[in-house]
Amino acid sequence: MAQHWRLLTVGRPKDRAISQMIDEYRMRLGLWQPLDWVVAPEIGYKSGQESETLEREAKAITKHVDPTDFVILLDIEGQQVTSELLSRQLARYQEQSLAVVFVIGGSLGVASRILERANWRWSLSSLTLPHALAQLITVEQIYRAFSIIHHHPYHKA
């Protein structure tokens, strides 16, 4: 059985239906690559407290990232890839038995030390997406990548 990978998010979708969809994709994905979901607390803030909030969230994120983890940070300024290219990259990480952690920061993004810790920065789109939707799209694209790897009919492109 493959090593469990992790989805590490700051906060959880407030819409229960989105959380259920994330869990559905995680369950499907479990046949090929188990994906645990770790939720770090989202920290409320007032204007002027942004840097303090980012630092507190960074502490919460780093609690769940081991020094040997391969960190894929979801970042609007990261690399955009096709589903096919993503599938090749994820297959390579799986073959190398890497402990992969997908990190999705909070509404403010992430502190610079999290950006620096990332092994790869992945952008879903140049559009700004709602936080919950970004979480769902991330898991769906991971599932799609593995459906490509395993020649499953889910991916029809």
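In strand E1, Trp-5, Leu-7 and Thr-9 point to one side, while Arg-6, Leu-8 and Val-10 point to the other, and every one of these residues is buried. This is a convenient place to begin a tour of the model, which is a predicted one. The strand covers residues 5-10, and with six of its six residues buried it is mostly covered. Its partner is strand E2, formed by residues 35-40; the two strands run parallel and are joined over six bridges. Within this pairing, Leu-7 of E1 sits opposite Trp-37 of E2.

Stepping back from E1, the protein as a whole contains five helices and five strands. Read from the N terminus, these elements follow the order β-α-β-α-β-α-β-α-β-α.

The overall dimensions come next. The C-alpha trace extends about 50 × 35 × 25 Å along its principal axes. The radius of gyration is 15 Å, and this agrees with a compact globule, because a chain of 157 residues packed in that way would be expected to have a value near 15 Å. Of the contacts between residues with a separation of 6 or more, 84% link residues 24 or more positions apart.

Burial and surface complete the picture. Of the 157 residues, 48% are buried. The protein exposes about 8400 Å², and 52% of this area is supplied by carbon and sulfur atoms. As for charge, there are 17 positive and 17 negative side chains, and the centres of these two sets are 3 Å apart.

Methods
Residues are numbered from 1 along each chain as its sequence is written. This is a predicted model: local features need pLDDT of at least 70, side-chain atom pairs count only at pLDDT 80 or more; totals for chains, interfaces and linings use all residues. Side-chain values use heavy atoms; hydrogens and water are left out. Helices (H or I, at least four residues) and strands (E, at least two) are DSSP runs, numbered from the N terminus. The radius of gyration is taken over C-alpha atoms; the globule rule is 2.2 Å times the number of residues to the power 0.38. Buried means under 20% relative accessible area, exposed over 50%, partly exposed in between (1.4 Å probe, protein chains only). Contact means heavy atoms within 4.5 Å. Accessible areas come from the Shrake-Rupley method with a 1.4 Å probe; for residues, only the protein chains shown count as cover. Lys and Arg count as positive and Asp and Glu as negative; His and the chain ends are not counted. The place of a charge is taken as NZ of Lys, CZ of Arg, CG of Asp or CD of Glu. Two strands pair if DSSP finds at least two bridges between them.
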